[in-house]
Amino acid sequence: MKMKKVKKLVALSLVSAMTVTALAGCGSKSNDEGGSDKSGDENVLKVAAFNGGNGEQIWKDIAAAFEKENEGVKVELQISSELDQDLTKNIKNKDYPDVVYYNLGQKSGFTENMLKENAVADISDVFDDELRGRLIDGILDGTDAQPYGDGKIYLAPIFYTPTGFWYNKNLFEGDNAKYTLPTNWDEFFALGDQAKKDGVSLFTFPQAGYLDATMYTMLEQAGGMDFYNKALKYDADTWTSEAGQKVLDTLGKLVTPEYTQEDTVANANADGGFKINQQNVIDGKALFMPNGNWVIGEMAASTPKEFSWGMMPAPKWSGDTTQAVYMFTEQMWIPKDAPNMDLAKEFIKFMYSDTVVDILLNNTTTNKETKETTPAPIVAPVKGAADKLPEGTTKDVYAASAAEDVVSVTGTWATTKPIEGLDMKKNVYGAVESINTGDMTVEDWQKQLVDTWKKCADNME
């Protein structure tokens with residue numbers, strides 16, 4: 001199956017309208033690329049990688065492959081599940097890695113802090129015409145890559161994942177299918193009414209923050225790309241406009257107990273409870289949840305062999321001819337004070353090589369309890385990479401997201417100066433929990449968002 005180009009991959013803005021704490025030792029050097037400390041060994045590359053759902057082995061394999069292709073080079077890996085804390089300590093001691101894999105949007109805001117401190121190197125020269133030609137169209141155009149909106153690339157999007165509503169395919173396909181897969185919100189809620197009679201809820205969410213991608217796609221779906229772009233930059237009319245009202249009314253209806261599984265909010269706020277909500281889809285207690293394909297590996301140990309995952313975009317509204325899909329990206333970057341800048345740039349370029357594409361596609365995950373190893377392919381934003389996926393759900397998801405009638409969006413709310421007391425995620429997404437419990441109405445949510453947008457607009461960089 002030939003993968004079509006991802007179209008209109010647009011993002012104007014970078015997360016973090018939250019209060020952040022400046023990192024000691026960052027941003028105090030000159031703006032010259034690489035800072036003033038150039039004492040690193042030119043044959044040693046220090047790579048710091050967050051130990052998350054992708055596991056450690058891919059970094060060991062990538063490091064070994066880089067050493068093989070660059071004779072005399074030694075890669076020193078620092079892999080940690082608390083990488084933000086470890087690097088903060090190191091940076092205070094002026095001990096900088098050469099390359100960092102740590103995403104935007106993490107709770108710590110570490111990457112956002114480094115950007116705010118002007119402590120991330122400009123890596124535009126890595127992406128020459130040859131490399132750009134290898135990459136999926138538009139992947140470098142949004143603020144996942146260009147956080148300052150100045151046309152310069154500071155963050156390398158090394159992995160990408162389509163997101164949407166995940167479900168049990170067996171309930172909608174095959175001889176034992178029980179329901180018809182909806183395409184628009186009217187059909188979606190009608191399915192919820194039908195499933196309710198069977199004792200099944202329409203919806204759940206692992207945690208409130210998982211609704212971010214849903215909200216982004218709904219904003220584009222409701223108002224188009226121009227409206228979406230303005231919303232990301234806190235346009236005053238975002239939530240009082242017809243499009244914004246449609247998004248809030250629809251989401252507000254979806255998260256009520258009428259359609260959302262009754263234990264969702266309690267689970268979402270319990271330690272590890274997000275997996276319980278995900279398990280509720282597997283167990284048939286809820287039909288849909290927002291997620292990405294990482295959920296397959298994440299839930300592999302508790303997923304019956306006969307279960308078959310499916311993913312669809314968040315529903316469109318009746319009459320819409322296109323459908324929006326949000327593309328989640330993961331980023332790699334170079335500290336401005338990296339001791340080995342040139343080799344670090346070569347390593348980032350290597351992340352898009354055929355060698356690394358194949359390493360990522362062959363990634364596996366091992367369950368800590370059962371020791372069972374299952375495939376967990378990762379896709380680089382390289383043209384044709386998704387075509388190499390084995391037949392199955394993950395390949396289907398990437399192919400569907402590249403369909404001609406799909407508009408792909410990425411990015412997040414624009415960066416602002418620190419705003420004391422503002423919890424962006426709580427104000428934007430946390431309100432759905434209060435709507436579910438009856439402590440807030442959609443009107444209350446709208447007022448909160450209007451107020452939040454004004455504060456953010458007043459504090460734009």
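**View 1. Y216 is a buried residue at the centre of this close-up of the predicted model.** The relative accessible area of Y216 is 2%, so the residue is buried (under 20% relative accessible area, with exposed meaning over 50% and partly exposed in between, for a 1.4 Å probe and protein chains only). The model is predicted, with local features requiring pLDDT of at least 70 and side-chain atom pairs counting only at pLDDT 80 or more, whereas totals for chains, interfaces and linings use all residues. Residues are numbered from 1 along each chain as its sequence is written, and side-chain values use heavy atoms, with hydrogens and water left out.

The structure holds 33 aromatic pairs (rings of Phe, Tyr and Trp, the last by its six-membered ring, with centres within 6.5 Å; planes under 30 degrees apart are stacked, over 60 edge-to-face and the rest tilted). For Y216 and Y228 the ring centres are 6.4 Å apart and the planes meet at 85°, so this pair is edge-to-face. Y228, like Y216, is buried. With Y326, Y216 forms a stacked pair, at 5.1 Å from centre to centre and 25° between the planes. Because Y216 belongs to helix 6 (residues 212-232) and Y326 to strand 8 (residues 323-333), this stacked pair ties together parts that are 110 residues apart in sequence; helices (H or I, at least four residues) and strands (E, at least two) are DSSP runs, numbered from the N terminus.

**View 2. Y326 in strand 8 stands opposite V409 in strand 11.** Y326 has a relative accessible area of 8% and is therefore buried. Strand 8 and strand 11 pair in the parallel sense over 4 bridges (pairing requires that DSSP finds at least two bridges between the strands). In a regular strand the side chains alternate between the two faces of the sheet. In strand 11 (residues 406-409), V406 and S408 point one way while V407 and V409 point the other way, and all of them are buried.

**View 3. A cluster of rings includes Y259 and W317.** Ring pairs join F165, Y167, F172, Y179, W185, F188, F189, F203, F205, Y259, F288 and W317 into this cluster. The charged end of K196 sits over the ring of Y259, 5.2 Å from the ring centre (a charge sits over a ring if NZ of Lys or CZ of Arg is within 6 Å of the ring centre and within 35 degrees of the ring normal). K246 lies over the face of W317, at 4.7 Å from the centre of that ring.

**View 4. The largest nonpolar core has 61 residues.** A nonpolar core is a set of buried Ala, Val, Leu, Ile, Met, Phe, Trp, Tyr and Cys residues joined through side-chain atoms within 4.5 Å. The members that touch the most other members are L202, F205, M215, L219, F288, W413 and W445, and helix 6 gives the most to this core, with 11 residues. When residues up to four places away in sequence are not counted, L219 is in contact (heavy atoms within 4.5 Å) with G224, F227, Y228, A231, W239, V247 and W413. Another core, of 55 residues, lies apart from this one, and its members include L131, L135, Y352 and A380.

**View 5. T204 lies in the loop between strand 5 (201-203) and helix 6.** With 0% relative accessibility, T204 counts as buried. Not counting residues up to four places away in sequence, T204 touches T260, Q261, T264, N277, V281, A286, F288, M289 and P290. The side chains of T204 and T264 are joined by a polar contact of 2.7 Å (a pair of N or O atoms within 3.5 Å; within protein, one must be able to donate a hydrogen and the other to accept it, and residues adjacent in sequence count only if both atoms are side-chain atoms).

**View 6. Helix 9 (residues 273-282) is mostly covered, with 7 of its 10 residues buried.** The buried residues of helix 9 are G273, N277, Q278, Q279, N280, V281 and I282. Their cover includes strand 4 (156-168), helix 8 (264-268), strand 6 (286-292), helix 10 (294-298) and strand 7 (309-312). Just after helix 9, G284 adopts a positive phi of about 85°.
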